[in-house]
Every structure is written in C-alpha cells, then in structure tokens.
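Please take a moment to look over the sequence and the model shown here, and keep both in view while you read. The paragraphs that follow go from one part to the next.

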4 protein chains.
Amino acid sequence: MATEGVTGEIVKPHGPHGYSHDKESHLKRLRRIEGQLRGLQRMVEEDVYCIDILTQVSASTKGLQSFALQLLEEHLRHCVAAAAVGGGPEIDEKVAEATAAIARLLRT
Amino acid sequence: MATEGVTGEIVKPHGPHGYSHDKESHLKRLRRIEGQLRGLQRMVEEDVYCIDILTQVSASTKGLQSFALQLLEEHLRHCVAAAAVGGGPEIDEKVAEATAAIARLLRT
Amino acid sequence: MATEGVTGEIVKPHGPHGYSHDKESHLKRLRRIEGQLRGLQRMVEEDVYCIDILTQVSASTKGLQSFALQLLEEHLRHCVAAAAVGGGPEIDEKVAEATAAIARLLRT
Amino acid sequence: MATEGVTGEIVKPHGPHGYSHDKESHLKRLRRIEGQLRGLQRMVEEDVYCIDILTQVSASTKGLQSFALQLLEEHLRHCVAAAAVGGGPEIDEKVAEATAAIARLLRT
C-alpha cells in the first residue's frame with residue numbers, strides 16, 4: 001500500500017517486487033539497450049544512412065517493449081494477484097495503475 | 001544510389017544526409033535517452049516499484065520515437081524528395097524503404 | 001477454467017465476464033467505430049485527400065484501443081483477480097494470457 | 001495546393017490521388033474490417049471470453065494499420081514526389097503533413 005513520504009510525495013513500497021527474482025537478466029537486457037543507444041550516436045556521428053538508423057531505433061524500442069512486458073507480467077502475477085488475495089479496495093488501485101501503465105505503453 | 005561494397009554487401013551512401021545539419025540536437029537527445037537507460041538499471045537494482053519503472057520505459061520509448069520521427073521527416077524532405085527530382089526508378093526504392101521503416105516503427 | 005469442447009477445441013467459459021455489466025456502452029462504442037469504417041469507405045470512393053483519410057484511420061484505431069483497454073481493465077479486475085483468489089495454477093494461465101494479449105495490442 | 005473553400009475552410013484537393021488506382025482493393029479491405037466490427041459486437045452480446053475479443057481487436061487494428069501504410073506509400077510516391085518535382089515551398093507542407101500523420105499512427 002502506498003504511503004506518504006517525508007516531503008509529502010507518494011512513496012510506493014520498495015521491493016523486492018515480482019521482477020526482483022530475475023534482476024540479472026533484466027539488467028543484462030537494459031545494458032544491451034544502453035549499448036545500442038551509444039551505437040545510435042556513432043551512426044549519427046558517422047553520417048550513416050537514415051533508414052539504417054531507423055532500423056536500429058526499432059530494434060531498441062522493441063527491446064524496451066520486451067523488458068516492459070516482462071515487468072508487467074511479473075507485476076500482474078505478484079503485486080496485482082497479492083492485492084486480489086488480500087481483498088479490500090487495493091485491487092482496484094492496482095488494476096487502475098496497471099491499466100494506465102499499459103495505456104502509456106500503447107501510446108508510444 | 002546504393003552500390004555494392006567490396007565484400008558484396010549493399011553499401012548505402014554515407015552522408016551527409018538530411019539529418020546531418022542538426023546532428024548536435026540529435027546526439028543530445030540520444031545521450032539523454034542513454035542516461036535514462038542507466039537510470040532504469042538503477043531503479044531495477046534498488047527494487048523500485050514496477051509501475052514507476054514502466055512509466056520511465058514509456059518516457060524513453062517516447063524519446064526514441066520523437067528522434068525517429070525527426071529523422072524520418074528529414075529523410076522525406078531530402079533523400080526522398082531528391083530521388084523524385086532526379087526522376088528514374090530510385091523514387092520507388094526510396095518510398096518502399098521509407099514505408100518499411102514506418103511499418104517497423106508501428107510494430108513496436 | 002477452459003474446458004474441451006465437443007470437437008476437441010478449447011472452449012473458453014462463456015460469461016458473463018467482467019465487461020458484461022457495461023455491455024451497452026461497449027456496444028455503442030463499437031457501433032460508432034463501425035460507422036467510421038463506412039465513413040472511410042465513402043472517403044475513398046470520393047477521392048478524399050490521403051492525409052484526411054489517415055487522420056480518420058487514427059481516430060478509429062484510437063477508438064478500438066480505448067475499447068481494448070476497458071475490456072482489459074475489467075478482465076484484470078474480475079477474471080485475473082478471481083483466479084488469484086481461487087489459488088492454484090489458474091492465475092499463471094490468466095496472467096500469461098493477459099500478457100500475450102497486451103503484447104499483440106502493442107504490436108499493432 | 002490546398003485552397004480556401006467558399007466558407008473559408010481549407011479545401012484539400014479532391015483526387016484522384018495516389019491510392020485511386022487501387023480503390024477496389026482498399027474498399028474490399030475496409031468492408032472486411034467493417035464486418036469484423038460487427039463480429040466484435042456479436043462477441044460482446046454473446047458474452048465471449050475477454051481475451052478472445054481482445055485477439056479480434058488486434059486483428060482489426062492490424063487491418064486498419066495495413067490500410068494506412070498502403071495509403072501512406074501511395075501518398076509518398078505521388079503527392080509528396082509531385083510536390084518535390086514541382087519545386088517551391090509545397091514540399092515542406094507535404095512532408096510536414098505526412099510526418100504528422102505518421103506521428104498520429106504511432107500514438108495509436
């Protein structure tokens with residue numbers, strides 16, 4: 001359950017969360033995408049053909065999307081499921097949060 | 001016009017291309033997204049709440065998408081327009097390439 | 001729980017489901033999008049400018065996406081939550097199904 | 001070139017446009033998607049399982065996306081290319097319009 005932090009901002013519970021058991025593979029994927037971002041910078045510096053740069057952008061976006069889907073699956077399986085089992089109003093907050101996150105992913 | 005490289009691979013013309021005149025702003029944007037990828041790794045290491053990580057993923061994907069749209073606009077304005085003015089079959093290749101790149105962006 | 005139908009195909013449980021309580025508003029939205037599809041056909045028949053047709057396509061796609069998000073929210077709140085409360089392996093099937101559906105939505 | 005209509009609204013040139021030569025296949029595709037919209041309404045009326053409805057939504061969105069990509073390709077090949085050959089400022093308007101249409105498609 002979210003609580004209020006010292007400065008009044010909403011402090012969401014630090015984990016471990018559903019994804020924590022698979023941290024190393026998530027970090028590995030993010031490091032690879034970080035490397036692709038450096039690659040994109042080299043392509044721009046070296047005046048590589050626009051279409052080849054756009055192809056790399058799609059590969060990086062796809063990597064980010066796969067990471068997001070894995071995190072979402074873990075979130076549904078752990079955080080949302082736990083809120084359902086716990087009963088009470090928290091399930092509504094969790095479902096609304098997850099749906100809003102999915103909507104943001106759909107818009108990009 | 002694409003030509004064959006020494007080892008037979010298709011060597012697309014190195015620029016400068018349409019985006020070259022605005023390189024510094026493209027590089028600045030890519031460096032910022034690269035920084036966001038490092039931020040995502042810290043969030044995973046620190047067991048930050050899943051939804052907050054997904055929000056950051058959407059911000060990074062949106063940044064990549066804006067970069068792609070700018071590059072695409074420059075590509076249409078320079079490379080595709082030049083092929084049209086040049087006449088001959090190159091315009092078909094350029095349009096097919098651009099449409100395929102847009103399709104890839106739509107699928108991610 | 002999914003069961004096998006007479007001809008061996010997987011027969012998923014007919015509802016009512018999470019969305020059933022709001023059927024009329026879902027049907028109203030789908031009828032409007034259906035009308036937009038007829039509008040698109042008229043635009044093509046009347047040789048309307050390409051960009052104006054593409055603008056209408058985005059509006060219709062957005063309508064479909066909003067419908068999908070609402071259905072997804074209801075599915076998480078009812079079907080997935082019920083599977084979590086029920087305990088046992090069904091939650092894994094429900095989460096995997098929902099994630100696969102989200103992945104398909106992201107790819108279009 | 002866009003001109004001002006009788007009531008001052010911007011009247012974009014009625015075709016024929018790039019897509020006009022392939023009208024029948026575009027209309028056939030739009031009719032099929034219209035039929036899918038009616039199918040979605042039946043699924044909702046019959047309380048079909050949420051995930052199966054979401055699968056159909058993705059199929060319809062994909063159909064709309066393919067239609068949009070075909071129209072875009074024709075637009076680039078004819079309207080944008082013609083503006084480039086014509087010289088003058090119209091190419092900038094055409095490229096800006098096409099990029100904005102692509103951006104809208106990316107956001108859905």
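How many residues does α1(C) have, and what distance does it reach from its first C-alpha to its last? The model is a predicted one, and in it α1(C) has 23 residues and reaches 33 Å between those two C-alpha atoms, close to the 33 Å expected at 1.5 Å a residue. After this helix comes C:Asp47, whose phi is positive, near 55°. Within the helix itself, which covers residues 23-45 of chain C, you can find C:His26, a residue that counts as buried because its relative accessibility is 1%. If its neighbours within four places in sequence are left aside, C:His26 is in contact with C:Tyr19, C:Phe67, C:Gln70 and C:Leu71, and also with D:Val44 of another chain.

To place such a helix in a whole chain, turn to chain A, which has three helices and two strands. Read from the N terminus on, the elements of chain A follow the order β-β-α-α-α. Chain A has 108 residues, of which 54% count as buried, and it exposes about 4,700 Å², with carbon and sulfur atoms supplying 54% of that area. When contacts in chain A between residues at least 6 apart in sequence are considered, 42% of them join residues at least 24 apart.

The loop between α1 (23-45) and α2 (50-86) of chain A contains A:Asp47, which has a positive phi of about 55° although it is not a glycine. A:Asp47 counts as buried because its relative accessibility is 16%, and the cut-off for that word is under 20%. In chain D, the loop between α1 (23-45) and α2 (50-86) holds D:Asp47, where phi is near 55°, again a positive value in a residue other than glycine. D:Asp47 is buried too, with a relative accessible area of 16%.

How are chains A and B related in space? A rotation of 180°, with 0.0 Å of shift along its axis, superposes chain A on chain B with an RMSD of 0.0 Å. The two copies are therefore related as by a two-fold rotation axis. Of the interface residues of chain A, 100% are also interface residues in chain B, so the copies meet through the same surface.

The second helix can be followed in chain B, where α2 (residues 50-86) has 37 residues and reaches 52 Å from its first C-alpha to its last, close to the 54 Å expected at 1.5 Å a residue. Along α2(B) there is a kink of about 35°, which is centred on B:His75. The helix is followed by B:Gly87, whose phi is positive, near 70°.

Cysteines deserve a careful look, since a disulfide requires two cysteine sulfur atoms within 2.5 Å. Over all chains, the structure holds zero disulfides. A:Cys79 is in no disulfide, and the nearest cysteine sulfur to its own, that of B:Cys50, is 3.9 Å away. For B:Cys50, likewise in no disulfide, the nearest cysteine sulfur is that of A:Cys79, at 3.9 Å. Both residues are covered: A:Cys79 counts as buried at 13% relative accessibility, and B:Cys50 counts as buried at 0%.

Is the third helix of chain B mostly covered or mostly uncovered? Of the 17 residues of α3(B), 12 are buried, and the helix is mostly covered. Among the buried residues are B:Ile91, B:Val95, B:Ala98, B:Ile102 and B:Leu106. An α-helix has 3.6 residues a turn, so residues three or four places apart point the same way. The cover over the buried residues of α3(B) includes α2 of chain A, α2 of chain B, α3 (90-106) of chain C, and both α2 and α3 of chain D. As for its length, the 17 residues of this helix (residues 90-106) should span 24 Å at 1.5 Å a residue, and its end C-alpha atoms are 24 Å apart, which agrees.

In chain D, helix α3 (residues 90-106) contains D:Ala98, which counts as buried because its relative accessibility is 0%. Setting aside neighbours within four places in sequence, D:Ala98 is in contact with B:Leu76, C:Ile51, D:His75 and D:Leu76. D:Ala98 and D:His75 are 23 residues apart in sequence, and their C-alpha atoms are 8.3 Å apart in space.

Note on methods
Residues numbered from 1 in each chain as written. Chains lettered and ligands numbered in written order. Predicted model: local features only at pLDDT ≥ 70, side-chain atom pairs only at ≥ 80, totals over all residues. Heavy atoms only, no water. Buried < 20%, exposed > 50% of the residue type's maximum accessible area, 1.4 Å probe, protein only. Helix = DSSP H or I, 4+ residues; strand = E, 2+ residues; numbered from the N terminus. Expected span 1.5 Å × (residues − 1). Bend = angle between axes of the 7 residues up to and from the residue. Least-squares fit on C-alpha atoms with pLDDT ≥ 70 in both. Contact = heavy atoms within 4.5 Å. Areas by Shrake-Rupley, 256 points an atom, 1.4 Å probe, with all protein chains shown as cover.
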